[in-house]
Amino acid sequence: MFVRPALGQPSQRSEVGFGLGVFNYTGDIVRTYDITTSKPAATAFYRSNISKVISLRVAITGGQLAASDKHNPLDSAAIKRNASFNIFLLEASSTFEYHFLDWRDDRRRLRFTPYLFAGLGLFGISGNNAKTKTYSNVQMSIPFGAGMKYVLNPKYYIALEFGVRKTFFDYLDNISGGNTTIKNYQYGNPNDYDNYFFTGITLTYTFYDIPCPSSPYR
């Protein structure tokens, strides 16, 4: 009797994608997350699926980051300070993703999964022409966050993601500690680092690896 060579399930090893979203910032001008300070941002990435639940993503993300004391000032001192900034930020990051559900199994009808991610990033800024202190425009960040993925068809899926970028840098807004004896109010809190956020929707294309037929005579 003829035995048909067995073919394994195609594996989803590699993915590429892009996304559009917004950057936000917290620091000396904006203390808590404020959606009204959102500025346009975009991302492009490559993802390698290590297992059914773990993926490694390498991404480039860039966009504008801005805030002003004129917009919803923190207090009367912020009104007198009247500081603002508008910079371009470009980030390179590498993160691991953990998916909670086995959403890639074609035998199941599940087409979505929540996920978490965390990793390391490096970002550069431009636009602070008059620096208040000597500092490097290239800094390290720790990106982490969560999202939800939904399968459109076997090759495409979309995701909604919110990510925090924890930095060790206090000059995204070009404001930090200052001489408080001089009442020009051009200072902030040197003990709190600035952070930024990316919120966006991404579209991903999946490449399938088709395994070779196995021999029926083994």
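Lys131 lies over the face of Tyr135, 4.7 Å from the ring centre. The model is predicted, and it describes a protein chain of 218 residues, of which 40% are buried. The chain holds 1 helix and 8 strands. This briefing covers the rings, the lysines placed over them, the overall fold and the surroundings of Lys166.

**Lysines over rings**

- Tyr135, the ring under Lys131, also belongs to a cluster of rings.
- A second lysine, Lys149, has its charged end over the ring of Tyr115, at 4.7 Å from the centre of that ring.

**Aromatic pairs**

- A search of the whole structure gives 16 aromatic pairs.
- One of them joins Tyr115 and Phe117 in a tilted arrangement, with 6.5 Å from centre to centre and 35° between the planes.
- Tyr115 counts as buried because its relative accessibility is 2%, and buried means under 20%.
- Phe117 falls under that cut-off as well: its relative accessibility is 5%, so Phe117 counts as buried.
- Tyr115 therefore combines a buried position with a ring partner, Phe117, and a lysine, Lys149, over its ring.
- Ring pairs also link seven residues into a cluster: Phe23, Phe123, Tyr135, Phe169, Tyr171, Tyr196 and Phe198.

**Fold and surface**

- Read from the N terminus, the order of elements is β-β-β-α-β-β-β-β-β.
- Among contacts in the chain with a separation of 6 or more, 69% are between residues 24 or more positions apart.
- The accessible surface of the chain is about 12,400 Å², and carbon and sulfur atoms account for 62% of that surface.

**Lys166 and its surroundings**

- Lys166 is in strand β7, which covers residues 156-167.
- Lys166 has a relative accessibility of 32% and therefore counts as partly exposed, since that class lies between the limits of 20% for buried and 50% for exposed.
- Beyond its neighbours within four places in sequence, Lys166 is in contact with Met140, Ser141, Ile142, Phe144, Tyr193 and Asn195.
- Leu120 is 46 residues from Lys166 along the chain, and the C-alpha atoms of the two are separated by 9.7 Å.

Terms used. Residues are numbered from 1 along each chain as its sequence is written. This is a predicted model: local features need pLDDT of at least 70, side-chain atom pairs count only at pLDDT 80 or more; totals for chains, interfaces and linings use all residues. Side-chain values use heavy atoms; hydrogens and water are left out. Helices (H or I, at least four residues) and strands (E, at least two) are DSSP runs, numbered from the N terminus. Buried means under 20% relative accessible area, exposed over 50%, partly exposed in between (1.4 Å probe, protein chains only). Contact means heavy atoms within 4.5 Å. Accessible areas come from the Shrake-Rupley method with a 1.4 Å probe; for residues, only the protein chains shown count as cover. Rings of Phe, Tyr and Trp (its six-membered ring) pair if their centres lie within 6.5 Å; planes under 30 degrees apart count as stacked, over 60 as edge-to-face and the rest as tilted. A charge sits over a ring if NZ of Lys or CZ of Arg is within 6 Å of the ring centre and within 35 degrees of the ring normal.
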